Amino acid sequence: MSSADETPKASEAAAASDDLALLLGRVAARDAAAFAALYRATHAVLYGVVARILTRGDASGEALQEAYVRIWEKAGEFDPAKGSPLGWMATIARNRALDEVRRVRPTSLEEMPEGFEPAAETVDPLAARARSERLVALLACLGHLDADKREAVLLAYYRGFSREALARKFGAPTATIKTWLRRSLMQLRECLES
Amino acid sequence: MTLSPDDDFAAAEFALGTLEPGERAALAARRRREPELDAAIRAWEARLSPLAEATPPIPPPADFLPAIEARIRAAAASPASNDVAALQKRLSRWRAAAVGATGLAAALAIGFVAREATRVAQPKEFVAILQKSADSPAFVASINLAKGELSVRPVAAPPQAGRSYELWIIEPTLGAPRSLGIIDAAAVTRGPRLAAFDRAVVEDATYAVTVEPEGGSPDGKPSGPPVFVGKLVPVEP
């Protein structure tokens, strides 16, 4: 990862992904040094995932720790055919954060702390350092959704917005939001499988 | 049997995270019994996961790695795990000695962390950091296996007015914990107290400190749960 070339490339993403897959394999074999290396390589992305959903620092730290314990436990279940190592790990972290936020209470716009507004609109997946092929495909499909519906999906994904929070944000009944999500998700799958 | 469109949508919303708390909990329970639903949730997670991967990084406010490693050890020491038979045995010995086992399980786990964290330059010797949590060492025990000698140096052991710290060696083949005597909270305690034990026993044992009545346990058994615990680590040359 010491390329002088600043432009992210799919090949670079693939190389980094291979490294992480190797580390995950060693973690599955209970290699503590590999686990530490995996943590160093991925913790800022995983913290980015949980902190955007939980917004409270202590809860985010807790979710991050739980996520890595799970990653240690489940490393052997990672299947490279079904996704990238980072995507797999980030999904585990995200689920920990969602379990927490849905357990306590729904996220509301009013609760967003001052000065912490990396709203989904500003979370620009297009600016990602290196884009995997899967991400390129998903972004293309997201591009086919109406702007509002795309934003709703991204707010739900990146910020953990519930239907209720989305309803407030878009000034629409929750039933309408549910319909949006249903159409959007089905449309996404169709697009990805085409 | 294929998934109904409603269940498929529920799986999608589970992956997206928009289910209400009750719905999410209900689906989490169902997926354990319904492999098809579980597979649908995983498929949706995989479809959306490139977004998570592309999340702009935020550096965490602290280095959580040591705490994560401690949790992993704690999980390995829990009764749910089957690859820690030795620890389980030790635990049951403690129970047999009528000592609260819960505290020990947590403390033993920390002993494992200490084993990895220790690096002291004293060739051919072993040390054990006796502590309650990874960042609060109370005593450091140094052991010279060749001579069976033990020295215990206080690091940050709070003084116990009218009470004494007592050191124990715990190892399955020994049965109940064996006393290694009173240790001083303010000065180094030395002695050839390990000469009577096999080398393998000394190396594998867990070392625990309890708070006893002044002068030590009256009946030769620990009278409470350990307050500090550690395992030996070889000192790197």
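The questions and answers below walk through a predicted model of two chains, A and B.

Reader: How many helices and strands does chain A have?
Author: Read along its sequence, chain A follows the pattern α-α-α-α-α-α-α-α. Of its 194 residues, 42% count as buried. The secondary structure of chain A comes to 8 helices and 0 strands.

Reader: And how many helices and strands are there in chain B?
Author: Chain B has 237 residues, and 40% of them count as buried. One of its strands is β7, residues 206-213. One of its helices is α1, residues 5-16. The count for chain B is 7 helices and 8 strands.

Reader: What share of the contacts in chain A with a separation of 6 or more joins residues 24 or more positions apart?
Author: One pair shows such a separation: A:T42 and A:M89 are 47 residues apart in sequence. A:T42 touches A:M89. Across chain A, the share is 68%.

Reader: How many residues does each chain bring to the contact between A and B?
Author: On chain A, α2 (32-54), α3 (57-74), α4 (85-104), α5 (133-142), α6 (147-159) and α8 (174-193) each supply at least two residues of the side that touches chain B. By class, that side has 27 nonpolar, 12 polar and 8 charged residues. The contact takes 47 residues from chain A and 34 from chain B.

Reader: Which helix gives the most residues to the largest nonpolar core?
Author: That core has 71 residues. A:L46, A:V50, A:A93, A:A97, B:A11 and B:L16 touch the most other members. In soluble globular proteins, nonpolar side chains tend to be buried together. The top contributor, with 11 residues, is α2(A).

Reader: Which residue of chain B does B:L16 touch, beyond those up to four places away in sequence?
Author: B:L16 is one of the core residues that touch the most other members. On chain A, B:L16 touches A:V153, A:A156, A:Y157, A:L181 and A:L185. On chain B, the partner is B:L48.

Reader: How many residues are in the other core?
Author: This core lies apart from the largest one. Among its residues are B:I129, B:L130, B:L150 and B:L180. Its size is 28 residues.

Reader: Are α1(B) and α3(B) parallel or oblique to each other?
Author: Helix α1 (residues 5-16) and helix α3 (residues 35-53) of chain B pack with their axes 8 Å apart. Their angle is about 45 degrees. The two helices, α1(B) and α3(B), are therefore oblique.

Reader: Is the crossing of α1(B) and α3(B) left-handed or right-handed?
Author: From α1(B), the contact is made by B:D7, B:D8, B:A11, B:A12, B:F14, B:A15 and B:L16, and from α3(B) by B:L37, B:A40, B:I41, B:W44, B:E45 and B:L48. By class these residues divide into 10 nonpolar, no polar and 3 charged. The crossing is right-handed.

Reader: How do α7(A) and α8(A) lie, roughly parallel or roughly perpendicular?
Author: The axes of α7 (residues 163-170) and α8 of chain A come within 9 Å and cross at roughly 105 degrees. A:R163, A:E164, A:L166, A:A167 and A:F170 in α7(A) meet A:T174, A:I177 and A:K178 in α8(A). The contact has 4 nonpolar, 1 polar and 3 charged residues. The crossing angle makes α7(A) and α8(A) roughly perpendicular.

Reader: Is A:T42 buried or exposed?
Author: A:T42 lies in helix α2 of chain A. A:T42 touches A:L86 and A:M89, leaving out residues up to four places away in sequence. A residue needs 20 or more other C-beta atoms within 10 Å to count as buried. A:T42 has 22, so it is buried.

Reader: How far apart are the C-alpha atoms of B:Y207 and B:L180?
Author: B:Y207 sits in strand β7 of chain B and is buried, with 27 other C-beta atoms within 10 Å. Beyond its neighbours within four places in sequence, B:Y207 is in contact with B:A128, B:L130, B:A141, B:L167, B:I169, B:V229 and B:G230. B:Y207 and B:L180 are 27 residues apart along the chain, and their C-alpha atoms are separated by 9.4 Å.

Reader: What is the phi of A:R30?
Author: Most residues other than glycine have a negative phi. A:R30 is found in the loop between α1 (10-28) and α2 of chain A. A:R30 counts as partly exposed, because it has 14 C-beta neighbours inside 10 Å. A:R30 is not a glycine, yet its phi is positive, at about 65 degrees.

Definitions and conventions
Residues are numbered from 1 along each chain as its sequence is written. Chains are lettered from A and ligands numbered from 1 in the order in which they are written. This is a predicted model: local features need pLDDT of at least 70, side-chain atom pairs count only at pLDDT 80 or more; totals for chains, interfaces and linings use all residues. Two residues are in contact if their C-beta atoms, placed from the backbone, lie within 7 Å. Helices (H or I, at least four residues) and strands (E, at least two) are DSSP runs, numbered from the N terminus. Ala, Val, Leu, Ile, Met, Phe, Trp, Tyr, Cys and Pro count as nonpolar, Asp, Glu, Lys and Arg as charged, and the others, Gly among them, as polar. A residue is buried if 20 or more other C-beta atoms lie within 10 Å of its own, exposed if 12 or fewer, and partly exposed in between; C-beta atoms are placed from the backbone. Axes are lines fitted to C-alpha atoms, for helices over the stretch in contact, and angles run from 0 to 180 degrees between N-to-C directions. Angles under 35 degrees count as roughly parallel, over 145 as roughly antiparallel, 65 to 115 as roughly perpendicular and the rest as oblique. A crossing is left-handed if the near helix is turned anticlockwise from the far one by less than a right angle, and right-handed if clockwise. A nonpolar core is a set of buried Ala, Val, Leu, Ile, Met, Phe, Trp, Tyr and Cys residues joined through C-beta atoms within 7 Å.
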